[in-house]
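Hi,

Here is the structure I promised to pass on. Have a look at it first, and then read on for what turned up in it.

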Amino acid sequence: MSDPIRAPRPPVGAAFERPSEMVRGTAMTPGIRYVVWEITLACDLGCRHCGSRAGKAREHELTTDDCLDVVRQLADLGVREVTLIGGEAYLREDWDVIAKAIADRGIRCGITTGGRNLDAERVKRAVDAGVTTISVSIDGLERTHDLQRGARGSWRAAIEAARRVAATPMRLATNTQINRLSMPELVAMSDLLYEIGSKAWQLQLTVPMGRAADRPELLLQPYDLLELFPLIAWMKREKLTPRGIRVFPGNNIGYFSKYEEAVRFGGEGGTHWASCGAGTSCLGIEADGKVKGCPSLPSDRYTGGYTQERSVAEIVETEAAITHIGQRTKDDLWGFCGSCYYADVCKAGCTWTAQVLMGRPGNNPYCIHRQLTYEAQGLRERLVKVERAPGVPFDQGRFETVLEPLGEPSDAPSILGVDLATVVGLRPDSPGLISEAEGKRRLRIL
């Protein structure tokens with residue numbers, strides 16, 4: 001007879017934590033507290049925006065014993081939360097052994113999943129292992145999600161998986177990539193998340209890494225933030241907070257302006273963006289043992305070392321590939337960010353986003369303060385692709401920005417050209433706003 005299901009501690013963002021008690025810190029709260037750990041690159045989806053171009057397992061992925069040693073090291077380092085990812089974490093047979101080892105060390109363990117094959121047996125294994133939260137990736141309504149995820153039926157599978165998680169002692173969270181396909185469907189998705197029982201929603205801008213770098217038509221233009229931020233603020237105030245769903249903008253949704261209080265988790269209490277926490281409060285580990293300051297950063301230039309060769313603590317403390325982000329100053333910034341009023345605190349926002357857009361950190365066009373500043377000058381900022389990505393995991397191309405006249409405002413309010421009444425009235429059981437043909441064109445599906 002199996003052990004009785006035990007109710008785990010609620011995960012970050014799922015229950016009663018205050019911003020001051022967040023495990024996932026910023027550069028203002030030094031000390032590695034949060035780790036995102038890719039335990040395999042194997043995946044059962046073929047997402048068109050996947051930064052790691054996941055599919056097949058990496059060569060020389062860590063053994064079970066290797067992983068258990070990493071867990072010990074993370075506990076000794078003082079890590080308080082670990083999120084297991086892939087690829088698809090559950091495709092590694094010992095995924096729940098690793099999860100249980102994390103939980104047994106008193107570290108919160110979560111999983112982020114596409115959910116295509118997260119069946120009842122795997123959900124039970126997660127509960128038995130002590131997993132506290134599972135975040136299911138949902139990137140739009142049915143047709144929109146399936147087009148992006150590269151598998152027909154993947155949306156229905158994700159929704160079914162989410163309902164299974166919501167029916168357990170674990171807390172269900174959800175995460176969404178915001179891009180030109182999904183953004184007009186966010187309001188309908190906020191209703192969908194309430195229906196399936198999600199308690200937290202992490203939002204993140206799609207950026208040009210991996211397969212997304214091959215699809216510039218998928219990306220938001222920087223000036224699109226002028227529509228996105230009011231939309232998020234409205235959804236949070238009118239639909240999400242009243243229903244008990246907490247909104248967690250990812251690290252590449254910012255920064256400052258009047259929207260910092262309205263959009264940032266804890267913003268109403270004074271919490272604000274405080275520079276990139278990569279390598280100072282958070283860490284990424286890849287399935288073959290690479291250690292990076294953030295799981296999303298390009299591996300070729302941000303890998304500090306391998307867990308099989310050196311201790312995680314030593315890598316974090318001594319390797320410039322890890323430590324240099326936390327040592328960034330205003331003098332390292334360039335372009336608009338170099339002369340920005342918030343430069344000393346913001347330090348150009350998310351390192352990953354600036355790196356994969358501009359080819360180096362320190363200048364980040366995905367910034368609402370920046371776009372509001374340009375709007376006041378009658379200008380808008382547009383991305384232009386100038387270099388292709390080479391086609392390997394965590395690769396990038398390069399973009400440049402151009403400034404151009406803003407143009408006359410539309411008489412009717414809209415979201416990416418879709419009139420606001422349609423956006424607000426869209427039902428969660430709709431297949432989506434994008435047609436199959438237009439979705440394939442933007443995603444470059446032959």
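Let's start with S281, which has a relative accessible area of 1%, so it counts as buried. In this predicted model, S281 sits in the loop between α8 and β8. If you want a feel for distances, compare S281 with R122: they are 159 residues apart in sequence and 31 Å apart in space, going from C-alpha to C-alpha.

Now try L74 in helix α1. Is L74 buried or exposed? Its relative accessible area is 1%, and anything under 20% counts as buried, so L74 is buried. What does L74 touch, once you leave aside its neighbours within four places in sequence? The answer is V35, W37, V79, V82, I107, I285 and V312. You can also pick out I32, which is 42 residues from L74 in sequence, with 8.8 Å between the two C-alpha atoms.

Next, two helices that are worth colouring in your viewer.

Helix α2 covers residues 95–104, and seven of its ten residues are buried, so the rest of the structure largely encloses it. The buried ones are W95, D96, I98, A99, A101, I102 and A103. They pack against β1 (34–38), α1 (64–77), β2 (81–85), β3 (108–113) and α3 (120–129). Just past the end of α2 you'll find G106 with a positive phi of about 80 degrees.

Helix α6 (residues 186–196) is mostly covered too, with nine of its eleven residues buried. Among them are L186, M189, D191 and I196. Which elements do the buried residues of α6 pack against? They are α5 (154–166), β5 (171–178), β6 (200–205), α7 and α16 (420–425). Right after α6 comes G197, whose phi is positive as well, at about 95 degrees.

On to the aromatic rings. A pair of rings is described by how far apart the centres are and by the angle of the planes. How many aromatic pairs does a search of the whole structure find? It finds six. One of them is F248 with F265, a tilted pair with 4.6 Å from centre to centre and 35 degrees between the planes. F248 is in strand β7 (residues 246–249) and F265 is in the loop between α8 (259–263) and β8 (282–285), so the pair links distant parts of the chain, 17 residues apart. F248 has 12% relative accessibility and so counts as buried, and F265, at 15%, counts as buried as well.

Then look at Y255 and W273. Their ring centres are 5.0 Å apart and their planes are at 50 degrees, so this pair is tilted. Y255 is in the loop between β7 and α8, while W273 is in the loop between α8 and β8, so the pair ties together parts that are 18 residues apart in sequence. Both of these residues are buried.

Stay with Y255 for a moment, since the backbone does something there too. The peptide bond from G254 to Y255 is cis, with omega near 5 degrees. Another cis peptide bond joins G86 and G87, with omega about 20 degrees, and G87 is in the loop between β2 and α2.

F256 is also in the loop between β7 and α8. It is not a glycine, yet it has a positive phi of about 60 degrees. With a relative accessible area of 9%, F256 is buried, and ring pairs link it with Y341 and Y342 into a cluster. K347 is another non-glycine with a positive phi, about 55 degrees; look for it in the loop between α13 (343–346) and α14 (351–358).

Some rings have a charge over them. The charged end of K292 sits over the ring of F394, 3.8 Å from its centre, and R243 lies over the face of Y194, 4.6 Å from the ring centre.

Last, a pocket. The second largest pocket has a volume of about 530 Å³. Its lining has 21 residues, and L226, E227, L406, P409 and S410 lie nearest its centre. The elements giving two or more residues to this lining are α7 (225–240) and α15 (368–376). What kinds of residue make up the lining of the second largest pocket? Eleven are nonpolar, four polar and six charged.

Have fun exploring!

Terms used. Residues numbered from 1 in each chain as written. Predicted model: local features only at pLDDT ≥ 70, side-chain atom pairs only at ≥ 80, totals over all residues. Heavy atoms only, no water. Phe/Tyr/Trp six-rings, centres within 6.5 Å; stacked < 30°, edge-to-face > 60°. Helix = DSSP H or I, 4+ residues; strand = E, 2+ residues; numbered from the N terminus. Buried < 20%, exposed > 50% of the residue type's maximum accessible area, 1.4 Å probe, protein only. Lys NZ or Arg CZ within 6 Å of the ring centre and 35° of its normal. Contact = heavy atoms within 4.5 Å. 1 Å grid on protein atoms, 1.4 Å probe; cavity = no way out; pocket = protein on both sides within 12 Å on 5 of 7 lines; lining within 4 Å. Points joined across faces, edges and corners; volume = space filled by probe spheres on them. Nonpolar A, V, L, I, M, F, W, Y, C, P; charged D, E, K, R; others polar.
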